[in-house]
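Student: Could you take me slowly through one part of this structure, and then show me what else deserves a careful look?

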Amino acid sequence: MQGTVDGFSYGAVTPLVAYLMACLGGALGLRCTTRSLLVTHSRRPAWLALGSAAIGSGIWTMHFVAMMGFAIKETPIHYDKPFTYASLALAVVMVGVGIFIVGYRGATGTALFTGGTITGLGVASMHYLGMAGVHFHGRFTYNTYTVAASVVIAVVAATTALWAAGRVRGFMWSVGASLVMGLAVSGMHYTGMAALGVHLDGTSHTGGGAPEPSVLAPMLIGPLAFLVLAGVLVIFDPLMIMGRPVPRPVEHKPGVPASAVAPHLHRRPALHQGHRSGHPVSRTPQNR
């Protein structure tokens, strides 16, 4: 028996909130990745890990917020918690692999292609592993071509996001990139859902519908709390907002005005060149 699927049981609420979650995770992840490029190599892994967790949590939260509106009219549905949490771990790990590749190799050429492909496959794997955790009196079937289209969307979205993380520096540009990323990730989700077919066991089932929000809400608390904390960190770190390196402090020397230090430092290579060329170089008392 063919089941009747409703992906928008709560109207436009769940798609809109899901999109905002994807944008939030993308924005935080992009800012953290940009921040990692402005620090020393010893601190870079921590920022890249935070960015990976932010993007992975945002994508996962988007998926299950959208799933709040998913219903099969003829039968109730339930969620397997081990599969659900495994999909979260898979998203964070595979997104992390892609981000670390770009973070250390740069958002160009082979590194961008490899990182984007791995990250995109991670997003798609998270989606379909999460769907494997949906239990009901029947089974899912998928249209191969539509599934392939959803994977392509995920890879393109991930590659674009990683390129933006490595190239975009302005805050407004990063916001725009996160909005595009959220749209692409949401598009991947609903494309994957369009590939879905439901076959029920038996001939008659009753009491179906969307799961109560209380079913998925407890599982969403952890990732949502993490996104809030990461957002607070971004807000109180101006460097993460502006995406610019901290200006180096001006060097002060006794007897030398601060305004004259920078030009003096710029002239130093020329003075050394004067020594090598055999021309005498006068030295002021302050520099002896």
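Tutor: Just after helix α3, Gly-106 takes a positive phi of about 95°, helices here being DSSP runs of H or I with at least four residues, numbered from the N terminus. This is a predicted model, in which local features need pLDDT of at least 70 and side-chain atom pairs count only at pLDDT 80 or more, while totals for chains, interfaces and linings use all residues. Residues are numbered from 1 along each chain as its sequence is written, and side-chain values use heavy atoms, with hydrogens and water left out.

At the start of α3, a side-chain oxygen of Asp-80 comes to within 3.0 Å of the backbone nitrogen of Phe-83. The helix covers residues 81–105, and its end C-alpha atoms lie 36 Å apart, which agrees with the span of 36 Å expected for 25 residues at 1.5 Å a residue, a figure found as 1.5 Å times one less than the number of residues. Among its buried residues (under 20% relative accessible area, with a 1.4 Å probe and protein chains only) are Leu-88, Met-94, Ile-99 and Gly-103.

Beyond α3, the structure holds one cavity of 30 Å³ or more, a cavity being a set of points on a 1 Å grid over the protein atoms alone where a 1.4 Å probe fits but cannot get out, with lining residues having an atom within 4 Å of a point. The largest cavity has a volume of about 60 Å³, and α2, α4, α5 and α6 each supply at least two residues of its lining, with the largest share, five residues, coming from α5. Including Ile-55, Thr-119, Ala-154 and Met-181, that lining has no charged residues (Asp, Glu, Lys and Arg).

Conventions. Buried < 20%, exposed > 50% of the residue type's maximum accessible area, 1.4 Å probe, protein only. Polar contact = N/O pair within 3.5 Å; in protein donor to acceptor, adjacent residues only side chain to side chain. 1 Å grid on protein atoms, 1.4 Å probe; cavity = no way out; pocket = protein on both sides within 12 Å on 5 of 7 lines; lining within 4 Å. Points joined across faces, edges and corners; volume = space filled by probe spheres on them.
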